[in-house]
Every structure is written in C-alpha cells, then in structure tokens.
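Thanks for making the time this morning. I would like to walk you slowly through one model, so please have a look at it before I begin.

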Amino acid sequence: MSFVKGLKCRECEKDYPKEALHVCSHCFGPLEVDYEYERIKKELSREKIKSRGKTMWRYRELLPLDGEPTVGTQVGFTPLVKANNLAKKLGVDELYVKNDSVNYPTYSFKDRVVSAALSKAKELGFKTVACATTGNLGNSVAAQAVQGNLESYIFMPANLEQGKVIGTSIYGTNIIGINGNYDGVNRMCSEIADKYGWAFANINLRPYYAEGSKTYGHEIVEQLGWKAPKHVIVPMAGGSLIIKIGKAIKEMAKLGLIDDSNTSLYGAQASGSSPISTAVKNGSDVIKPVIPDTIAHSIAIGNPADGYYSIKAIHESGGWAEDVSDEELIEGIKLLASTEGIFTETAGGVAVAVTKKLLEQERIPRDESIVISITGNGLKTLEAVMDKVGKPPIIEANIEEFNALMEKKEVCTA
Ligand SMILES: *Cc1c(COP(=O)(O)O)cnc(C)c1O
Ligand SMILES: [Zn+2]
C-alpha cells in the first residue's frame, strides 16, 4: 500500500507523476516526493515502527516506494553511540555519534539512498542503473545492483582513493574513470541519462534517492528515545543529506511521533571545497561554484545540486556552517579514533573538526544534546592518514626483543 501521491516542484508546486523525473518542466525547480501525511498519521505509530526489523525500512511509509523494497532490504539502523570520551575531550555534556561507517553493505550512508533509488528503479522497470560518484555512491550502487540483478555503470573522477575504486570494480560493474573533478562527471552523466535512458541514482532518480537519507534522521530520533537532538553536525557534498535530516525530524513531529522538532543543523565542509559553508558565513544564499582542492574527495563537489536549499535549511533551523583544512580534518579522524574507537573517512574527520571549531566559536552550546554525523568508513581512505600515524616496530618472535622495546618505550602508539 503506497502513501506516495507523486512528485511536486519545490518552487511552483506543480504536480508530476511517480516517474524518473527530477526537474520541473515549467520553472526548472527540483522535484520532491509528495506523501499523504494524513493517511500516514492514522497508520503509523511508535509501536508499529518498533515491531519491525532493525533496518531503514522500518519507516517505510515515509519512503518513496509503491510496493515493498526489493534492493537493500537490510540497510540501515546503524549504532547511535553515546560518545562520552570524545565529549570529555571537547568539553560538552551530551554527545552522540551516528555511526554509518558500519552501514550495510558498503560502509557509508550512501547505502540508504541507493536502497531507495534502486528499489524504485526496479519498480519503474529499469534494467540498468548508474551514477556519478565522489566514491561512496559508486561503491553502493555497484554492490546493490548485483543484489538486485541490475546492470550498472559507475562514473567517477579518476583521482579517487584506491579503496573507493577497488571497492567499486570488485562487484563486476562497468566503471569509468574521468579526468577532472566530480562536477564535470555529473554534467556528462546528465547527458548520458538522456541519451541512454538509464536510471541514474542521483540524477533522474534523485527525488527518490534523496528520500533514503531521511532514515538517518529518523533513526537518530528513535535511538535518542523518541527525542529530537538539539544540534546535528552534517558533512555536505551536494547538500542533500543535511536537508533530509531536517525534513525527517520535522516529519516525525508532524506525525505525532515526537513532541518537538527544535533541531539546529550545522553544515560541515572541507575548506578546499566549501561553496555552501562559504555562502552561509557570508550571509548569502547564492552558491559561488568552486574547483575542489582537498583530500576529502567524498564531499568534494564544487557546484552542489542542493546548495541553495541546504543554505535555507541551515538558516531556518538556526544553525550555521563551517569548513576546515585538510590538516584539521586529519586531526578530526585521529581524535574520533583515539577517543571512541571509530575509524571514519575524510568526511567524518571534517564533521568532527567542524564540531570542535563551532564549539570554540560558541556557535554550539556545551550543555545541550549534540549529534555528529559519521557518514563513511576510514578503511576506504587510507591514503589520507597513511603518513600521519606511527609505523609498528618489527621484531623477531622472542620475548627478549619485546622486553627491549618496552624498556626503550618504542612500542608504536600512533
Ligand atoms: C555523499 C556523502 C556525504 C554528503 O552527501 P550529500 O547528500 O551529497 O550532501 C557525506 N559524507 C559522505 C561520506 C558521503 O559519501
Ligand atoms: Zn516548478
């Protein structure tokens, strides 16, 4: 049973059918999935959600399918970690890490959007799926296409980390490296989508894809005991995830699943690719595209598709945005690893480092609940930290050599 009315233009509110469409033909505004919230409110309760499997599909009334999900049915419900050690280091009272570095099956939050997009692609009858990727999306489309018996094409900038490249090609997909940055890849893929008629997760299926991100927010709220956090810090690439976390929390209040939805959203970018945070800091709602230059490849988008709407979501929530250098993001990765035992990738390092910065600026108060969004896994971006951690000493397998190390205190501790 479906609760999806159709698609609706975010600007002029013109209605469209549930097809592979993403821009309004009247005003060129982006299309968004439109739900029958009145009916959902009658159907959905905390008890009903709690009775279901621990996956993102426990919120299925709020996801854009007509039938049951067919791809990625086990994605989501990742841990919300109470981060007491990191809280102490940062000097805050109540801190959590939403840990999508262990999402199933490809260790990033992109498994959520891909599960939604590929399930929709199958509903719409597509046989071939594709994407333009900064890394994690390609990993997930390739893996989940296999599960769904779909053919896949992945287009990525040629300079990505080995973990992202091999973590895509291993699935037997068609993978194409392209010289230059993501923005060129994305432009070319729009033309390919038109010409070849494939389902591009983040282009012609973007309205459905983006809805998958909401479950990251739904889960935070449920895992906090049906309470909205006061502050959430989110790494931004195209700017979609941060918008959808805000939407998810508001949706849950609208449906009576929580009492209040007073959450401030904070966007995090790398300074070498910071068109959104720069606009926020300048008090502007106009994105000035940039050419990315950062090791945070997974969030290196110079001309973000949802830039304008992410700025709006940040402002309306009473939040802010910041960016950090590559050095700072590496420190962020190491800080999370050494306090909470969580190894995140570059985007997660950005989120941690931006949180630290916003606390220092007193943009975020120290005595209210804070959630840091950890969206990807550090084992995929080893290049970022390879030369920034200690090397283990190598000894023969005898106790005397170890005793000697202990005496000289030469055991590696990063
Ligand atoms: C894609 C991605 C993001 C941001 O996604 P947008 O919705 O495009 O802003 C954040 N973190 C990681 C690890 C990602 O792969
Ligand atoms: Zn329109």
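I will go through the metal site, then the ligand pocket, and then two residues.

A word on conventions first: this is a predicted model, in which local features need pLDDT of at least 70 and side-chain atom pairs count only at pLDDT 80 or more, while totals for chains, interfaces and linings use all residues. Residues are numbered from 1 along each chain as its sequence is written, chains are lettered from A and ligands numbered from 1 in the order in which they are written, and side-chain values use heavy atoms, with hydrogens and water left out.

Let me start with the zinc ion, ligand 2, which is coordinated through the SG atoms of C9, C12, C24 and C27 at 2.2 to 2.4 Å; donors here are N, O and S atoms within 2.8 Å of the metal (3.2 Å for Na, K and Ca), and since water is not among the atoms, sites may look incomplete. The angles among the 4 donor atoms run from 99 to 118°, and the site is tetrahedral, a label given to four donors if all angles lie between 85 and 135 degrees. Along the chain, the donors follow the spacing C-x2-C-x11-C-x2-C. C12 lies in the loop between β1 (4-9) and β2 (15-16) and C27 in the loop between β2 and β3 (31-35), so this pair ties together parts that are 15 residues apart in sequence; strands are DSSP runs of E, at least two residues, and helices runs of H or I, at least four, numbered from the N terminus. C12 is partly exposed, at a relative accessible area of 39%, and C27 is also partly exposed, at 34% (buried means under 20%, exposed over 50%, partly exposed in between, with a 1.4 Å probe and protein chains only).

Now, which residues are closest to ligand 1? They are K110, G238, G239, L241 and T375, out of 15 that surround the ligand, where near means a heavy atom within 4 Å. A polar side-chain atom of T375 lies 2.7 Å from a nitrogen atom of ligand 1, while a backbone N or O atom of L241 is 2.8 Å from one of its oxygen atoms. The protein buries 97% of the 380 Å² that ligand 1 exposes when taken alone.

Finally, T133 sits in the loop between β6 (128-132) and α5 (136-147) and is buried, at 0% relative accessibility. N136, in helix α5, is buried too, at 5%.

Methods: Tetrahedral: all angles 85-135°; square planar, octahedral: opposite > 155°, others 65-115°. Polar contact = N/O pair within 3.5 Å; in protein donor to acceptor, adjacent residues only side chain to side chain. Areas by Shrake-Rupley, 256 points an atom, 1.4 Å probe, with all protein chains shown as cover.
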